[in-house]
Amino acid sequence: MSTQVSIPGYAAGTWAIDAARSDVSFRARLLGFARVRGTFPEVEGTISLAEDPLDSSVAAVVRTASVTTANKRRDDHLRHDDFLNAEQYPTMSFASTAVRPEGDDFLVDGDLTIRATTKPVTLRLKPTGFAPGADGRQAATFSATTEIVCTDFGVTRGKSAFAVGDKVEIVLTVEAGQQA
């Protein structure tokens with residue numbers, strides 16, 4: 001039994017993630033009640049939209065040293081070996097393995113690799129639009145969220161483990177331009 005999926009303005013093809021118009025961000029608990037927010041501005045990737053949206057795929061890479069929380073001391077600590085270890089692991093990546101419909105959204109299963117540790121995750125994805133972009137090419141926009149557990153990826157958090165929560169929410173807002 002096949003599932004019919006309809007997305008307004010949907011266009012099959014290969015799409016390149018536009019880092020300048022995309023946001024890869026995270027939120028984590030600090031001291032049990034406050035939230036730390038940050039972003040990774042250096043992201044690249046390809047979204048392959050198939051004629052049947054459920055056959056689509058995505059592959060993306062983020063530069064770990066690009067992490068920014070608007071606090072230089074914290075950013076340096078996040079790049080350190082008890083968090084991202086950006087010197088030894090300069091990138092983290094995501095590669096989808098399946099796409100499933102769920103209501104008006106989609107669940108995108110895939111493999112997330114952080115610090116050379118790969119674990120399956122599921123992104124809750126919502127296509128938010130298909131229209132001409134600022135540069136005149138077709139643009140597609142998506143939002144997605146997931147939650148990970150840091151220690152699953154070898155992120156120990158060092159001496160700050162008592163202060164920084166182990167769960168991290170990942171929030172993505174992605175714009176991609178259609179490739180010729």
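What follows is a walk through one pocket and the strands beside it in a predicted model. Residues are numbered from 1 along each chain as its sequence is written. Because the model is predicted, local features need pLDDT of at least 70 and side-chain atom pairs count only at pLDDT 80 or more, while totals for chains, interfaces and linings use all residues.

The second largest pocket (an open set of points on a 1 Å grid over the protein atoms alone where a 1.4 Å probe fits, with protein on both sides within 12 Å along at least five of seven lines) has a volume of about 200 Å³, a volume being the space filled by probe spheres set on the points. Of its 15 lining residues, those closest to the centre are Ser6, Ile7, Pro8, Asp104 and Pro127, where lining means having an atom within 4 Å of a point. Two or more residues come from each of strand E7 (105–114) and strand E8 (117–132), strands being DSSP runs of E with at least two residues, numbered from the N terminus, and E8 gives the most, with 5 residues.

These strands also belong to a paired arrangement, in which pairing requires at least two DSSP bridges. E7 and E8 run antiparallel and are joined by 9 bridges, with Thr113 standing opposite Thr118 in E8; their hairpin has 2 residues between the strands, and Arg115 in the turn has a positive phi of about 55°. E8 pairs in the antiparallel sense with strand E9 (residues 138–149) over 8 bridges, and here Arg124 stands opposite Thr145 in E9. The hairpin of E8 and E9 has 5 residues between the strands, and Gly136 takes a positive phi near 95°.

Key:
Heavy atoms only, no water. Helix = DSSP H or I, 4+ residues; strand = E, 2+ residues; numbered from the N terminus.
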